[in-house]
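Okay, thanks for coming, everyone. I'll put the structure up now, and then we'll walk through it piece by piece.

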Amino acid sequence: MSRHRPTSTARTRGVLALIPLVGGVALAACTSTEDPQGSTPSMAAPTVSSASANPTDAPTPSAGTPATIPTSAFVELPTELRKSPRRTTPVTDALPTMCGNEFGTGGRQVTASAAMTNTYQKAGATEADVPQGMIHQVIFTFDGDGASAYLGRLRTDVQACPAYEQSGNRVTVKSEPLTGVGDEALLLTRTWAETSLNGERTGDTASSQIAVARVGKAVTVFNDQGWEGTSGNPTILDRVVRDGVRTIDAWQR
């Protein structure tokens with residue numbers, strides 16, 4: 001297993017700050033349970049609220065633009081892949097980082113934001129098995145053309161970041177369109193030299209993926225992280241992304 005990971009969100013403990021933009025907050029209770037050893041603990045009765053990525057720049061949403069994001073807008077893992085119940089996560093912790101703040105919004109036209117984390121396992125895994133990884137999902141809603149503008153800025157920023165350093169490890173980034181997902185989507189694959197727990201290179205490589213999709217005036221970011229710095233699971237991520245986009249589409253109708 002590797003000691004280093006390409007993102008800073010893994011094993012982060014925190015409480016989601018509720019910052020209402022307009023109106024109120026959307027309340028949704030999830031089952032609280034004890035997560036497996038080594039994972040971020042779940043929180044009882046999580047609340048998903050509207051929150052600007054930059055609260056000082058919070059705009060006023062126009063009519064018809066969601067000011068809150070309910071728990072029901074987030075993807076739910078199928079039972080066979082679910083290691084523990086999904087839980088709320090601070091948006092800043094759930095978003096990946098590479099060369100800089102590529103996935104941040106700067107508060108531009110954002111009307112609401114929220115995040116949840118799913119801890120997944122391989123199908124057929126036993127209760128004693130460790131999880132295979134975590135997928136952090138962030139949802140932003142935007143005013144006007146903010147959602148498409150966000151994807152445009154992200155593509156530009158990603159092109160300017162073909163590689164970066166993380167904890168002394170060089171991480172390369174490959175981006176490609178993700179077809180058949182939402183109105184437009186992007187898939188990023190990060191690859192780095194795998195290291196053992198004592199920091200020595202194993203000679204293998206590890207990788208994980210980030211998927212970003214626009215669904216109408218909403219954008220969702222999926223950040224897959226393998227357990228304890230190991231590789232993520234691209235097959236599970238692809239299923240989660242497609243299910244997640246359908247869930248957001250149904251919520252917006």
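Let's start at Ala213, which sits opposite Thr220 of strand S10. One thing to say straight away: what you're looking at is a predicted model. Now, how are S9 and S10 joined? They run antiparallel, with six bridges between them. They also make a hairpin with two residues between the strands, and there Gly216 has a positive phi near 65°.

Step back one strand and you get another hairpin, this time S8 and S9 with five residues between them. In that turn, Gly199 takes a positive phi of about 90°. S8 and S9 are antiparallel too, held by eleven bridges. If you want a spot to click on, try Thr191, whose bridge partner in S9 is Ser207.

Keep going the same way and you meet S7, residues 169-177, alongside S8, residues 184-195. Those two pair in the antiparallel sense as well, over seven bridges. Here the pair to look for is Glu176 with Leu187 of S8 across from it.

So where does all this sit in the sheet? There are eight strands in it, in the order S3-S4-S5-S10-S9-S8-S7-S6, with antiparallel pairing, and the sheet is open. S3 (82-88) and S6 (163-166) are the edge strands; each has a single partner, so one side of each has no neighbour in the sheet. From one strand to the next, the twist averages 20°.

Okay, on to helix H3, residues 234-252. Is its length what you'd expect? What we can compare is this: at 1.5 Å a residue, its 19 residues should span 27 Å, and the end C-alpha atoms are 27 Å apart, so the two agree. Which residues of H3 are buried? They are Ile236, Leu237, Val240, Val241, Gly244, Val245 and Ile248. These cover an arc of only 160° around the axis, which means they are on the same side of H3. The spacing makes sense if you recall that an α-helix has 3.6 residues a turn, so residues three or four places apart point the same way. Over on the other side of H3 you'll find Thr235, Arg246 and Ala250, which are exposed.

And what do the buried residues of H3 pack against? Four strands: S4 (110-120), S5 (133-142), S9 (201-215) and S10 (218-226). You've already seen S9 and S10, as the antiparallel pair with six bridges.

Next, the aromatics. Counting ring pairs with centres within 6.5 Å, we get three aromatic pairs. Take Phe142 and Tyr150: their ring centres are 5.7 Å apart and the planes are at 40°, so that pair is tilted. Both Phe142 and Tyr150 are buried. Add Phe140, and ring pairs link the three residues into a cluster.

Last, the whole protein. How many helices and strands are there? Three helices and ten strands. Along the sequence, the pattern reads β-β-β-α-β-β-α-β-β-β-β-β-α. There are 253 residues, and 53% of them count as buried. As for contacts with a separation of 6 or more, 73% are between residues 24 or more positions apart.

That's my tour, so let's go back to the picture and take questions.

Definitions and conventions: Residues numbered from 1 in each chain as written. Predicted model: local features only at pLDDT ≥ 70, side-chain atom pairs only at ≥ 80, totals over all residues. Heavy atoms only, no water. Phe/Tyr/Trp six-rings, centres within 6.5 Å; stacked < 30°, edge-to-face > 60°. Buried < 20%, exposed > 50% of the residue type's maximum accessible area, 1.4 Å probe, protein only. Pairing = 2+ DSSP bridges. Axes fitted to C-alpha atoms, helices over the stretch in contact; angles between N-to-C directions. Expected span 1.5 Å × (residues − 1). Arc of directions from axis to C-beta. Contact = heavy atoms within 4.5 Å.
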